[in-house]
Structures are given as C-alpha cells and as structure tokens.
Amino acid sequence: MVFAGVLAGLGAAGAGAADAPPKIVLDGGTGRVSIDRKVEYFEDREGRVTIEDAASPAYATRYRRRGGQPLSFGFSLSAYWLRFTLVNRTKAQRQWLIEVDHPTLDRLDLHVMKPGGGWILKSAGDRVPASKREYRHRNIVIPVTIPPGESRTFYVRAESEGPVRIPLTVHTPENLAAWDRIAQIAFGFNYGVIIIMAIYNIALFFSVRDVSQLYFAGFMLSFGAIQMFINGFVFEFLWPEQTFFVHVGITVAINVAAIATYYFTRRLLDLRRTAPALDAAMRWTGYAAAGIAVVALFSNMVAIRLTYGIMFVT
C-alpha cells in the first residue's frame, strides 16, 4: 500500500511537470536563441478559446510539441495557441525581444500574466498598425522584460488567412540590431538587382520596340513588390498604418506577376501562331489572375486560395 502510494505520488508529480510550460533558460551568453521547436501548442479550430481558457489547468493537456519540427501549419482557418516560459539567469533585469520572422502573419497576440493577476496583451501582425505596436520593425517583434533570477510564462495566439508559420526567436536588442545590419546589406543587393533588371528591360523596349521587354520589366517590378511584402519592408517604410493595403497587397502583386509572366511567355514564344490553344489558355488564365486581384480587395482569404489553385494547375 505504501509502495502504491509512493508510485501514485510520483505519477501525479510527473503529470504536473508534464502539464507545465517548457522552460527556456536565458543567461549572459544568450544573444539569440530559436525557440519555435521547443514551445508547446494546440489548435483552436473554432477560434473561441480565450486567454483564461488557454492558461487554465483544463487546457494544459491539450498542448503538445511538434517533435523538433518548426511551427508551420500551412493554410488553416484555425487559431493556434503557444506557451513557454523564459527564465532570466542573468544578474540584471534584461529586455529581450521575441521575434516572429513572418511579417505576413495576420495577427499575433502575446499574453503575459501581471504580478497581481490579470493579463498584459501585446499585439502585432500585418493587421496591426505601427502606432499600436510596441516595437517598430519589419518583422513581428515584441519586447519583454524579466527581472534577474525570475521567470515569465507567455501564451501566444496566432492566426492568419495565409500560411500560418510561427518561427519564434528570442534576441537581445544588441543581437537583433546586428542581425538587421547584415540583413539590410543582403536585401539591398537583392532589390538593387531587381531594379536594375527592370530599368534595363524598359530601356531595351525603347531601343527594340518589343513589348515583351515591358512584360518582363513588369514581372521584375511585381516580383520585387512580392519580396518587399514578404520581408516586411512595405509595412516598415511605405504603409505602416494602412494595414488593408499591407494585408491584400501581396495577393495583388502575385497575380500581377502572373499576368506579366503569361503575357511575356505568349509574346516571346509567339504562341498565337505556334500554339493557338496554349495561347488561348494562357490568355484566359491571365484574365483569371486579374479577376483574383480584384477579388482580393473584397475577400483576401478567397483570393489567396484561388491564387494558389491557379498556381497549382499551371
């Protein structure tokens, strides 16, 4: 009986430990740590779970880990809840920056419990204007402060009409600034090449009077716009408060790039003469892409799925 009682007590303790959020230790040598493979999550299919629900013991057993896989869930109408605990092992109060390197995620809400009870809510995502974000950055970045020797448990809710991907990283401010300097050089080179190729083809059009050069230039410019949306620069530099344009812009840019590609191919290969059936198919696919770009202004979710449907077919 005593032995059985001991086993029962150990089992209960083990269950309690399993129900606790995973702990991630931050010490003086931590400048950057990727945590998306370490956190726990559960899927809220109806999107009705509140922070009080998500943090309650009744929901503790719903959380699971991805088994070392990144937090990428593809297209989903569900909301996803994450939980983790950060432990500050340094001897000073530190600010840490929680970054999600996926600027097109619609909304991410981070909840941290107040010392006296209740919750502090910090929000970001492409549906949240810069004026309502605590930290201005092209990515989703939320600052948190943890006193020395203490820990804080965080609950995160994420949802999106597009792909749901949540690559979580914790930085010190100095480390994030260093990464940004390197990234700016790489992005600058990338966008510089795109702009040069577009200008070259526009100049080539005025020289040879071949409209296919304009189509190619249009593709390069729209491709550059797609990259700027994906990398968060449209939000950071162009429309930090116009969340509607940031939200639907990438869908419009993808379809404009598709139209330019179809018409460039038709012109370059002279499909009207060499393959009339294929020419007609690409022409009508271009019309469909133009229609989807218009649909995005009214329902971006529908437009996204139509866009990927056409991409899969073609």
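How are α7 and α9 oriented to each other, roughly parallel or roughly antiparallel? The legends below take up this question first and then turn to the pockets and the cavity of this predicted model.

**View 1. The packing of α7 against α9.** Here we look at α7 together with helix α9, which spans residues 276-295. Their axes come within 9 Å and cross at roughly 160 degrees. Angles over 145 degrees count as roughly antiparallel, and α7 and α9 are therefore roughly antiparallel to each other. The crossing in which α7 passes α9 is left-handed.

**View 2. Residues where α7 meets α9.** On the α7 side, the contact is made by V252, N255, A258, I259, Y262, Y263, T265 and R266. Facing them in α9 are D279, M282, R283, T285, G286, Y287, A289, A290, I292 and A293. Sorted by class, this contact has 11 nonpolar, 4 polar and 3 charged residues.

**View 3. The largest pocket.** This pocket holds about 640 Å³ of space. Its lining counts 40 residues, and H102, P103, T104, R165 and I230 lie nearest the centre. Many elements take part: at least two lining residues each come from β2 (32-34), β4 (72-75), β11 (163-165), β12 (168-171), α4 (173-208), α5 (211-230), α7 (243-268) and α10 (300-313). Of these, α4 gives the most, with 5 residues. The lining has 16 nonpolar, 16 polar and 8 charged residues.

**View 4. The second largest pocket.** Take a look next at a space of about 230 Å³. There are 13 residues in its lining, and I254, A257, A258, T307 and M311 are the closest to the centre of this pocket. Two or more lining residues come from each of α5, α7 and α10, and α7 gives the most, with 6 residues. By class, the lining has 10 nonpolar and 3 polar residues, with no charged residues. You may recognise A258 of α7, which also appears among the residues that meet α9.

**View 5. The largest cavity.** Searching the whole structure turns up 1 cavity of 30 Å³ or more, and about 80 Å³ of space lies in the largest cavity. Lining this cavity are P103, T104, D126, R133, R138, M228, F229, G232, V234, F235 and V246. At least two of the lining residues come from α5, and at least two from α6 (233-238). The lining divides into 6 nonpolar, 2 polar and 3 charged residues. Two familiar names here are P103 and T104, which are also among the residues nearest the centre of the largest pocket.

Conventions:
Residues numbered from 1 in each chain as written. Predicted model: local features only at pLDDT ≥ 70, side-chain atom pairs only at ≥ 80, totals over all residues. Heavy atoms only, no water. 1 Å grid on protein atoms, 1.4 Å probe; cavity = no way out; pocket = protein on both sides within 12 Å on 5 of 7 lines; lining within 4 Å. Points joined across faces, edges and corners; volume = space filled by probe spheres on them. Helix = DSSP H or I, 4+ residues; strand = E, 2+ residues; numbered from the N terminus. Nonpolar A, V, L, I, M, F, W, Y, C, P; charged D, E, K, R; others polar. Axes fitted to C-alpha atoms, helices over the stretch in contact; angles between N-to-C directions. Parallel < 35°, antiparallel > 145°, perpendicular 65-115°, else oblique. Left-handed = near helix turned anticlockwise from the far one by under 90°. Contact = heavy atoms within 4.5 Å.
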